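Q: I would like to take a close look at one kind of side-chain contact in this protein. Please begin with a single pair and then set that pair in its wider context.

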Amino acid sequence: MIKIQEITSIKKETKNDLNKHYCISVQNKRNGFEARITLEIIGGGKNPRLSAFSSNSKLDSITKILRKITEKLIEYKNSNFLTKEVLLKIYDSLMFSIQELQLTSNMDIMKSINNIFQILTTNNNYIVQPQNNMIEMQNSYNNYVPNPIINNINSTEQNTVAFQSNISKVVSKSFKDVALEWFEYKLSLIKESIDNPKPLSPKTLQGYNDAINTQILPYFKNNKNISLLTEKNFKDCIMSFNGYRNKETVYIVLKMILDFSREKGYIYFVPKIKKPKKPYTDKEEGIIFIESDRQDIWLDYFEKENTDISMLFETMLLTGLRPEETCGLKWCAIKEETKELSINNAYKDFPIYNEEYKIIGHNRGDGRLKTPESYRTIPLNDRLNRRLLEHKEKQQKLFKTYKINWNEKEYIFLNQYRKPFIPENLSGNMKKFIEKYNLEHMTPYGLRHSFASFCSEKGMDQLVLMKLMGHSDFNTTQKYYISISNKRKKLAMEKAYKSILEKENAM
């Protein structure tokens, strides 16, 4: 009977480190090769270390240690600790070792591993624990696709067929085929449904697409078999790109593709790839934002420019809206009697993909907001309210000049073609504006950061600021959007030392 603490131990191990234990390593010796392995039997209190030496070849040392592994596991065959779950872990880890040693094409080695589990599982002699414990343990085995070699064994013949079928399935999939199949699956997730209540953002999907087509697939263009790729292959791929952000994006996409491959049964295990380390910099880390004493200068220049795009930027700075929320604003969102702005629409770019999932066109239109919390109402300060009313009158006159019907459902900010701006084009417009007025570096999203930092500096209640930003947790607001201005640091230091001096003088 498995104890509760033993189940807990299995949960911890299976979630965090599928391939760490039971892996074979081979060391070069002066006169041959030595294969080693530690068989950690979870909860058993016994972790035998096995080794096998061969003066002939690395392959021979591995063959020998596989025999020792078989013998040792037979010793534990009737143990309460050698459960089905542990067997699955051992199988995956051995396969991981063989792939790392580049021996997956050696059918003798592959059959030797298969034979280990034939012996242990023939006639269902592995220890099957009471059903309630098994269910709990299987539920803890996150994202694991049980291998048919262990799950469907009635005879040696059936086992061999299952094994060969599984090998064939893995070998037949190229990295490109798997990557495109994964992207097709992700593409299906942008549609909201009962089974998919939190759809994937088209912008996020486009980022994945860029990483696949411009970075990952070109690197693996000569690969014909995803199952033969090793941890080193994926690490080399990540490190071949310049810049931490590029490396991080490639890492994230590769990890998702590999997890998908494992779930589909295209690979036996997921090679472990480490997230690239963020490079050390001697510069102070922080978000891009406009210091509070500089915001009026920016606002004056926005109003001097007096164009739709400058008015859009001014609105972002004074409300903290996301780019797609600002682009999607319509006049009907403004409640003039209460001076409020209802945020309930986003204007987005929806890429069109061909059969190779390369972008061949774009559809642009209204879309849902990022999260349920993004639907909110924001009070307008007097300055922005006045400017929006002036902008409305200006737009109405322009439509009248061109004899175009105008109504409250018209977008507030329009480009030269009388179409809404899209978030992807705002950066170029911001750059031109900065160069024209010789201003400090800024990004469209930096205007949102500036709003949050300004409100925090002025002492706005955390809960209120969180709601204005459209977040469900203030930690998100604080971590990603609020930066401490130089002025705020200086005042805090002066206040701190002033209190110290007052205490010293009072003594």
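Q: In what kind of contact do the side chains of Glu-393 and Lys-397 meet?

A: In this predicted model, the side chains of Glu-393 and Lys-397 form a salt bridge, with an N to O distance of 3.6 Å. That distance satisfies the criterion, because a salt bridge requires the nitrogen to lie within 4 Å of a carboxyl oxygen. Both residues belong to helix α15 (residues 382–401), and since they are four residues apart, about one helical turn separates them. Glu-393 has 44% relative accessibility and therefore counts as partly exposed, whereas Lys-397, at 52%, counts as exposed.

The wider context is a total of 25 salt bridges found in a search of the whole structure. One of them joins Lys-330 to Asp-366, with the closest N and O atoms 2.9 Å apart. Here Lys-330 lies in the loop between α14 (323–327) and β4 (334–335), while Asp-366 sits in strand β7 (residues 359–367), so this pair ties together parts that are 36 residues apart in sequence. Asp-366 is partly exposed, at 35% relative accessibility.

Another salt bridge pairs Glu-34 with Arg-36, whose closest N and O atoms are 2.8 Å apart. Glu-34 counts as buried, at 14% relative accessibility, and Arg-36 as partly exposed, at 34%.

Salt bridges also link residues into a network, which comprises Asp-296, Asp-300, Glu-303, Glu-314, Arg-383, Arg-387 and Glu-390.

How values were computed:
Residues numbered from 1 in each chain as written. Predicted model: local features only at pLDDT ≥ 70, side-chain atom pairs only at ≥ 80, totals over all residues. Heavy atoms only, no water. Buried < 20%, exposed > 50% of the residue type's maximum accessible area, 1.4 Å probe, protein only. Helix = DSSP H or I, 4+ residues; strand = E, 2+ residues; numbered from the N terminus.
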